[in-house]
Amino acid sequence: MTETKTSGNRSRETRIGVIGRPIDRIDGPLKVRGDATYAYETTLEGTAFGYILGAAVAKGRIAEIDTGEAERAPAVLLVMTHRNAPAQPDFGPAVTPTVPEVFTRARPALNSERVRYYDEPVALVVAETFEAARAAAGLIKVRYDEEPGLYDLPAHVADAYAPKRTNAGFETDSVIGDFESAFAAAPVKVDATYRTPFEHHNPMEPHATLAAWSGNELTIHTSAQTLANFRAGVASTLRIPPERVRIVSPFIGGGFGSKLIAHADTILAALAAQVLQRPVKIALTRQQMFANAGHRAEMIQQVRLSTDTDGRLTGIAHDVWSATSSFEEYCEQTAVFARSLYAAPNRVTRHRLIPLDINRGEWMRSPGEAPGMLAFECAMDELAERLGLDPIELRIRNEPVQDPERGVPFSTRNLVACMEEGARRFGWERRNPTPGRAREGRKLIGYGMAAAIRPNYIGAATARVAIDRDGRVTARLDMTDIGTGSYTILTQIAAESLGLPISSIKVELGDSRFPRTAGSGGSWGAASAGSALHNACNALKQRILEAAASSEASPLRGAGATDASFADGEVRLGQRSTSLADLIRRIAPDGFEAEGSVAAGAATQSYKAYSQHSYGAHFAEVAVDCDTGEIRMRRMLAVMGAGRILNAKTARSQIIGGMTWGIGAALMEQTVLDPRYGHFVNHDLAEYHVPTNGDVPEMEVVFLEEHDDKANPLGAKGLGELGVCGAGAAVANAIYNATGVRVREFPITLDKLLPALPVIAI
Amino acid sequence: MQSFTYERAASAEQAAAAVAAQPDAKFISGGTNLLDLMKLEIERPAHLVDISRLPLDRIEETAAGGLRVGAQVRNSDLAADPRVRSRYPMLTQALLAGASGQIRNKASTSGNLLQRTRCPYFYDRNMPCNKREQGSGCAALQGFNRTHAVLGASEACIAVHPSDMAVAMAGLDARIETISPGGETRTIPIGDLHRLPEATPHVETVLGHGEMIAAVTLPPPPPGRQVYRKVRDRASYAFALVSVAAIVEKSGDRIRSARIAMGGVAARPWRATEAERTLAGAVASDGAFTDAAEAALAGAVGHGGNDFKIPLAKRTMRHTLAAAVESA
Ligand SMILES: Cc1cc2nc3c(=O)[nH]c(=O)nc-3n(C[C@H](O)[C@H](O)[C@H](O)COP(=O)(O)OP(=O)(O)OC[C@H]3O[C@@H](n4cnc5c(N)ncnc54)[C@H](O)[C@@H]3O)c2cc1C
Ligand code: SF4
C-alpha cells in the first residue's frame with residue numbers, strides 16, 4: 001500500500017494558489033532514498049521466483065518439450081508449459097474490435113502449443129531463487145515445427161486491409177471534398193513518402209509482478225499504469241470475479257504506454273502462485289520486453305499536400321500503412337491529428353494494416369502524433385520550401401477558424417501564438433532559408449521547427465477524500481504515478497481546494513481498492529484524476545459547510561451567509577471564520593468523507609461541442625559534422641499552450657522528456673525486425689539506442705498562460721505526450737536546413753546522410 | 001546463467017594454472033563483458049578464476065622510456081593517468097570515448113582487449129552464429145550487418161572487435177605480456193593478439209588456454225601528434241561505427257611518418273600500413289590524406305548494411321589526418 005508522505009515544511013506553505021507552483025515531487029525523497037518500493041522489490045514471506053523461457057522461432061508449434069532436466073534441477077518447484085498450465089480461456093478471434101475489450105480481454109499464457117511470435121513464453125520455471133529458475137530454464141529442450149511467417153512490411157503493402165476503427169475509437173478514414181481533383185489541379189504540391197520504424201518503450205523498470213493468493217483472493221503487486229485494466233484482464237484470464245483481484249502499484253518506473261494492460265509476467269505469476277500456493281515473483285528481462293510488452297509498429301506514410309500560389313492548402317492527404325499482428329489488431333491513430341491541424345477544403349486520411357507474425361503493437365507515448373507528425377510536419381517543411389515561404393508563415397496562412405473536419409469551435413487553440421513566441425525567443429530570423437549554407441568550422445548548422453497538437457482526453461474517474469479531527473486530509477484513488485508527478489499535482493489540487501498546507505494532505509494511489517480512475521495513459525491522468533479529486537474536495541467542503549451551519553457545536557452556526565471560503569487553514573462563512581481543524585474536531589470527531597467524479601470526456605456535451613486539443617511549437621538547432629555526417633543537437637525550445645499548468649516543474653519535466661523522445665525518434669530509435677527470422681535483432685539497450693545525456697542539449701520550455709474552461713473544472717489539459725508531438729520533425733527539418741539532404745526514412749542516421757554530403761575541402 | 005564454481009587467485013601463476021586445469025574455466029576481471037554473456041548463456045564457464053584483485057594494477061615507467069600497464073589497471077585509471085594523458089593522449093581519448101563512466105570504472109585493461117564482439121546475432125542463442133556455435137552459419141552475413149566488418153572478414157564471420165582502447169594501443173605499437181600455466185612469459189605485438197576469423201571465428205586470439213595477460217607495454221611515445229576520432233550513432237555510450245587513431249610526424253611541410261589504426265572495421269584493431277606508407281614523405285595536403293584513406297580501405301568489402309562504412313572510414317581518416325597535422 002502506498003504511503004505518500006508529504007515533504008516537510010516548505011519555505012512558505014501556501015494555500016490559495018498552490019496549484020501551478022513548481023513544487024518538488026512529493027515522492028522525490030522516497031525515491032532518492034530507495035524507500036519507494038517497486039513491484040519486484042516487494043517482499044512476502046515464502047516468495048518463489050519465476051523465469052520465463054521464450055520461443056526460439058517466430059511461428060509454428062511446439063513439437064516436443066522436454067522439461068525433465070529442468071524439473072530435476074536444484075531448488076526448482078515448478079516447470080509450467082502448455083501441457084500443465086491451469087486452464088484459461090482461448091485467446092479468441094484474430095481480429096478484435098479496438099476498444100474497449102482490448103484492455104480487459106483474457107490474455108492467456110502457456111495455453112497452446114502454437115507459437116505466434118518470437119520469444120512468446122513457452123515455459124515458466126519457478127524455483128526458490130531467481131538464479132535457480134533461470135539456470136533451469138536453460139535446461140529445457142524444445143523442438144519446434146517451424147512455419148514460414150510474414151515479417152516484411154514493405155513487401156506486403158498490397159495485402160493491407162482497413163480496420164473497423166483506429167486506436168482510441170477514431171474513424172479509420174475521413175474524406176472531405178475531393179482531394180484527388182484538388183491535388184491534380186494545384187499549382188504547388190508535395191507528395192512524399194516517409195518510413196518510421198518499430199520502436200520500443202523501454203521504461204527503466206521492467207514489467208514485473210509479485211502475485212499472492214490468500215484463500216480465493218488474489219493480490220497482484222505490479223507495475224501498472226491503469227489498475228482497472230489489470231484487474232479486468234487478470235480476472236478474465238483466470239476466470240474469477242474482478243472483485244477477488246486486488247492490484248497494487250504505488251510506484252512505477254516508467255510505462256510510456258507499455259503498462260496499460262497485463263502482460264505475461266502478471267498472468268504467469270498469478271497462475272504459478274495458484275498452483276504452488278505460494279507468492280510468485282516474475283519480471284520480464286530487458287530482452288524479453290522487446291517481444292512481450294508491446295511496441296510501436298513500423299509504418300509507411302504518404303503525405304500529399306497541395307496549395308494555391310499563396311500557400312493556402314487546397315488539399316491534405318495522409319495515408320498510413322502500418323504493421324499489425326496476425327492474431328490481434330492494433331491500429332495506431334497516426335493520421336487522426338491531421339484532421340484538426342490545418343485548414344483545407346479537400347482532405348483525406350486513411351489507415352491500413354498489414355498483419356505480420358509478430359506480437360501486437362501497443363500504445364506508445366503519443367500514439368498517432370509521434371509517428372504521424374514526424375512525417376506530416378516534415379512534409380509541411382518541404383511544402384514551405386517549394387513555396388518559398390517561411391515554415392511558420394505557411395502554417396499561419398492555414399490556421400483554421402474552427403475544427404476543419406468536425407466543424408465545431410476550438411475550446412482553446414494557441415498554435416499561432418506558440419509559433420510566434422517561439423520564433424522570437426529562438427532567434428528564428430537567424431535561420432538561413434537556403435539549406436546547407438550555415439557552417440561553423442566543419443559543422444553544418446541548421447534550424448528547424450514544427451507544430452504540436454495532441455487531443456485532450458478525459459477518462460471517467462472517482463476520488464474519495466477524507467478529513468480527520470486533526471484537519472489532516474487523505475485522498476484515495478486508484479490513479480497511478482508513473483514518474484509523471486501525479487502524487488504531487490493531486491496534493492496541490494487538494495491543498496488549494498481545501499485551503500490547507502501541502503503538509504496536511506496525504507494522497508494515496510495505486511491500489512485497486514481505492515475509487516476507480518482512468519489511470520495514466522493518453523495524457524489524461526492529471527485532468528481526469530485531478531478533476532475527480534477537485535470535485536471530491538468540493539463535495540467535502542459542502543458537507544463541512546452544511547454541518548458547520550447546523551451543528552450546535554459549530555462556531556459558524558447560524559452565520560447565515562452563503563459566501564464560504566476555505567483558506568489559510570480556516571473556514572470563513574460570511575463575517576465569521578474558524579480554524580478548519582478546530583471546526584472538524586467540534587462538529588465531527590470522526591471526520592468527514594466525500595467522493596467526487598468526472599465522466600468520460602467523449603460522453604460530455606462539451607466534448608461534442610468543442611474541438612479540444614493542446615498545442616505547441618517546437619524549435620531545434622542541430623550541428624552536422626561535414627566529414628562523418630554525425631548529427632548532434634545544439635538546443636531545443638518548446639512553446640506550449642496546454643491549458644492551466646498544475647505544477648510548472650512537473651509539467652516542464654513532461655515536456656522535456658517528450659522532446660527527448662523526439663530526438664530519439666528523429667535520430668536513433670529503431671528496432672530492426674529480421675525479415676528471415678521474425679525477431680527484433682537489436683533487443684537490448686546497448687543496441688537499441690535512446691538518447692543519452694550527451695545527446696540532449698539545452699532545452700527551454702515555455703507555457704503560454706491558458707485556462708480551458710471547456711476541458712474540465714480545472715481548466716487543465718493533457719501534456720504528458722505533447723512534448724513528443726512534432727519534436728522529431730523539428731529536428732529532421734533542422735537537419736535538412738543544415739545539409740540540404742532530406743531523409744524520409746527514420747531514424748536519420750549518418751549512413752543515410754553521408755552519400756549526399758559533399759566532401760568539403762580541408 | 002548456469003551455475004559455476006569460483007575462486008579468487010592468489011597469484012598470476014596460480015591463476016594461470018587454475019584456468020589451465022579445467023577445460024571450461026575462465027578468467028574474470030571486471031566482469032562487465034563476461035557476466036553479461038554468462039547471463040545469456042553465450043559463455044558457460046564451469047569455473048571462474050577471479051584475477052581482479054591481483055596486484056597487477058600499477059602503471060610503471062619502463063627502462064626504454066615507455067609505460068608498463070598492469071592487466072588490472074581500470075580503464076578510468078588508465079585514462080586519467082597524467083603520464084598517459086601527456087605522452088599518449090590518444091589512448092586517453094580512446095578510453096574516454098568508450099562505454100560509460102560506470103563501466104570504465106570496473107573494466108580492466110586485459111578485459112577490454114579480450115572483450116567479445118557486439119554482433120547482435122552472437123548475442124541471441126537462437127540465431128545461427130559460427131562464433132558462438134561452430135558450423136551453425138552466420139546470420140549477419142545476409143542479415144542486419146550495419147555494424148559489421150569491411151576488412152579482414154570471411155564468409156564464416158564478419159564481426160568486429162568493439163574496443164576503442166585497443167585501436168589506440170595498436171597505433172602505439174603496444175606489446176602484450178602474458179604468463180602461462182607453467183610460469184613462462186611471452187610478449188605478443190598487439191597486432192598479432194587477435195586472429196582474423198577465416199574458417200574459425202570462435203578462435204579469437206593467439207592466447208592458449210590458461211594463458212593470462214599480465215600487462216601491456218607501451219613503447220616510448222612516437223614523435224608526432226596523436227588524435228583518436230570515434231564516429232558513433234549517439235554522443236555517448238555507443239560502439240564505434242568506425243574510429244581512427246592517427247599519429248602524424250611532420251618535418252616542414254612534409255610528413256615524415258604516420259601511424260594509423262582503425263576500429264569498427266575488422267575483427268581486430270586494424271593497422272593501416274598501406275596508408276602509412278603512402279604518407280611517409282608526402283607533402284601534408286588534402287590530396288595526401290585522401291590518397292592515404294583510399295589506400296587504407298583499398299581491400300574493403302561491404303555486406304549491404306555496412307557498405308557505408310567504407311566511405312565513412314575514408315572521410316574520417318582524411319579528416320583525422322588533417323586534424324593531427326593541423327595541431328602538430
Ligand atoms: C553497454 C556497454 C557499452 C560499451 N561500450 C564500449 C565502447 O564504446 N568501447 C569499448 O571499447 N568498450 C565498450 N564496452 C566494453 C567494455 O569496454 C568491456 O566490457 C570491458 O572493457 C571489459 O573489461 P572487464 O575487465 O570487465 O572484462 P571481463 O568481462 O572481466 O572479461 C572479458 C574477457 O576477457 C577475459 N580476460 C579478462 N582479463 C584477462 C586476462 N588478464 N587474461 C586473459 N583473459 C582475460 C575474460 O575471461 C573474458 O573472456 C561497453 C560495454 C557495455 C556493457
Ligand atoms: S558475424 Fe560472426 S559473430 Fe556475427 S553472426 Fe556471423 S559468425 Fe556470429
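## A walk from ligand 2 to the salt bridges

Start at ligand 2, whose surrounding shell divides into 12 nonpolar residues, two polar and one charged. Keep in mind as you click along that this is a predicted model. Of the 15 residues around ligand 2, the ones that come nearest are C119(B), C129(B), C138(B), C157(B) and I158(B). Show those five as sticks.

**Stop two: ligand 1**

Now centre the view on ligand 1. Around this ligand there are 33 residues, and F27(B), G31(B), T32(B), S108(B) and D164(B) come nearest. Three polar atom pairs deserve a distance label. Begin with F27(B), where a polar backbone atom is 2.5 Å from an oxygen atom of ligand 1. Next pick D164(B): here a polar side-chain atom lies 2.7 Å from a nitrogen atom of the ligand 1 molecule. Finally, add A238(B), which has a backbone N or O atom 3.5 Å from an oxygen atom of ligand 1.

**Stop three: where the chains meet**

Zoom out and colour by chain. Which numbers of residues do chain A and chain B bring to their contact? Chain A gives 42 residues and chain B gives 38 residues. The area buried between chain A and chain B is about 3300 Å², and carbon and sulfur atoms give 54% of that area. On the chain A side, select R134(A), D627(A) and I762(A): these lose the most area to chain B, together 17% of what that side buries.

For polar links across the interface of chain A and chain B, there are 20 residue pairs in polar contact, both residues being at pLDDT 80 or more. To see which elements take part, highlight α4 (130-137) and α18 (750-753) of chain A, the elements that give two or more residues to the side of chain A that touches chain B. That side of chain A divides into 21 nonpolar, nine polar and 12 charged residues.

Salt bridges also cross here, with a count of four between chain A and chain B. Pick D627(A) and R318(B) to see side chains that meet in a salt bridge, at 3.6 Å from N to O.

**Stop four: R318(B) from the other side**

Stay on R318(B) and add D286(B). Their side chains meet in a salt bridge as well, at 2.7 Å from N to O. R318(B) lies in helix α12 (residues 309-326) of chain B and D286(B) in helix α11 (residues 286-296) of chain B, so this pair ties together parts that are 32 residues apart in sequence. Is each partner buried or partly exposed? R318(B) is buried, with a relative accessible area of 5%, whereas D286(B) counts as partly exposed at 23% relative accessibility.

**Stop five: salt bridges in chain A**

Over all chains the salt bridges come to 81. Select R61(A), E64(A), E113(A), R143(A) and D145(A), which are linked in a network of salt bridges. Within this group, the side chains of E64(A) and R143(A) meet at 3.3 Å, N to O. This pair links distant parts of the chain, 79 residues apart: E64(A) is in strand β2 (residues 60-66) and R143(A) in strand β6 (residues 141-146) of chain A. E64(A) counts as partly exposed at 47% relative accessibility, and R143(A) counts as partly exposed at 44%.

Then jump to D27(A), which forms a salt bridge with K31(A), the closest N and O atoms being 3.0 Å apart. D27(A) is buried, with a relative accessible area of 0%, while K31(A) is partly exposed at 25%.

**Stop six: two buried residues in chain A**

Select H318(A), in strand β14 (residues 313-325) of chain A. H318(A) is buried, with a relative accessible area of 0%. Its side chain is joined to the side chain of Q301(A) by a polar contact of 2.8 Å. Beyond the residues up to four places away in sequence, H318(A) touches a set of residues including V303(A), F337(A), R350(A) and F376(A).

End at P747(A), found in the loop between α17 (727-739) and α18 of chain A. P747(A) is buried, with a relative accessible area of 1%. Leaving aside neighbours within four places in sequence, the contacts of P747(A) include P197(A), L667(A), M668(A) and K752(A). For a last distance label, choose the C-alpha atoms of P747(A) and Y457(A): they are separated by 29 Å, and the two residues are 290 residues apart along the chain.

Notes. Residues numbered from 1 in each chain as written. Chains lettered and ligands numbered in written order. Predicted model: local features only at pLDDT ≥ 70, side-chain atom pairs only at ≥ 80, totals over all residues. Heavy atoms only, no water. Contact = heavy atoms within 4.5 Å. Buried area = accessible area lost by both parts, 1.4 Å probe. Polar contact = N/O pair within 3.5 Å; in protein donor to acceptor, adjacent residues only side chain to side chain. Helix = DSSP H or I, 4+ residues; strand = E, 2+ residues; numbered from the N terminus. Nonpolar A, V, L, I, M, F, W, Y, C, P; charged D, E, K, R; others polar. Buried < 20%, exposed > 50% of the residue type's maximum accessible area, 1.4 Å probe, protein only. Near = heavy atom within 4 Å.
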